[in-house]
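Reader: Please show me the chain. Then let us work through it with short questions.

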Amino acid sequence: MTDKAIGDLTEITSIGDDDYLVVETATGNSRKIKKSNVGVAGRVAPTFVQKGTLRGDGTISLPAAPTPGNLMVLVMAGFNATSLTSGYMPAGFTPVVTYSSNANNAVAAAVRRVQSGDTGSYAMSTSDNQAAVIYEFEDAVGVYGTGGGVMSGAFSGNNFTFIGQQSPYGVSDILLGAFTHDTTPTWSITAEPGLTVDYATPADGQNHTSIFFRYDEAFDGTLAGSLSGSPVQPASGVFAVVGAPG
């Protein structure tokens, strides 16, 4: 097979992790490099390792002890901005950003870099009702808010259509999100490529039901779903897990 010059190749606008980049060497020959072996925008793609969930008070736990150097991300939702970050959040975590729809409903994220001896289990309790998901990521430099707050404009009746933005820091970053509202109706999200629902609080009769999800570059950007009853001051929050420098 005869090598082609770069100028003779057909140009495309996007590639997947299993596709190849073609480069031209100094001698004029072309060679291929798998995209997954190349840092995107100077960063590598973060990798999801494991997660644990919690409704209300109790202990949130990863299935296995996390690896030192990895990043733990705690996403919390429910009542309220103050309770989530000053009461519900365990010691040793650093709050990143909180989004609220009103004084009663909020979504927040916090982080902890895994240290030697960390078990991945943390007691959490505060007033009223909350829920949380704890994640472990490899090759993640940090977590940054991409948007959130009042979500009522996304609803038509009990149904919602939510625009999930991609990360401004790298196309291979992973986005974490959560929705919550003030009363007992429960959440559901329509399945689609690139989107994973990590936890939906059950129909337990408690206020501040929530749903937690994540998506990657395969997600089309539009998330649809519904509540089992009328929304009351719904709130959203989305956070980018950003890959480490390549």
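Author: Start with Pro 231, which has a relative accessible area of 25%. This is a predicted model: local features need pLDDT of at least 70, side-chain atom pairs count only at pLDDT 80 or more, and totals for chains, interfaces and linings use all residues. Residues are numbered from 1 along each chain as its sequence is written, and side-chain values use heavy atoms, without hydrogens and water.

Reader: Is Pro 231 buried, partly exposed or exposed?

Author: Buried means under 20% relative accessible area, exposed over 50%, and partly exposed in between (1.4 Å probe, protein chains only). Pro 231 has 25%, so the class is partly exposed.

Reader: Which residues does Pro 231 touch, leaving out those up to four places away in sequence?

Author: Pro 231 sits in the loop between E17 and strand E18 (235-243). Strands are DSSP runs (E, at least two residues), numbered from the N terminus. Contact means heavy atoms within 4.5 Å. The residues touched are Phe 155, Gly 157, Asn 158 and His 181.

Reader: What is the strand order in the open sheet of 4 strands?

Author: Two strands pair if DSSP finds at least two bridges between them. The pairing in this open sheet is antiparallel. The order is E11-E12-E17-E14.

Reader: Why is one side of E11 and of E14 left without a neighbour in the sheet?

Author: E11 (155-156) and E14 (187-189) each have a single partner strand. One side of each is therefore free of a sheet neighbour, because both strands stand at the edges.

Reader: Which residue stands opposite Trp 187?

Author: E14 pairs with E17 (residues 222-227) in the antiparallel sense, over 3 bridges. In E17, the residue opposite Trp 187 is Leu 227.
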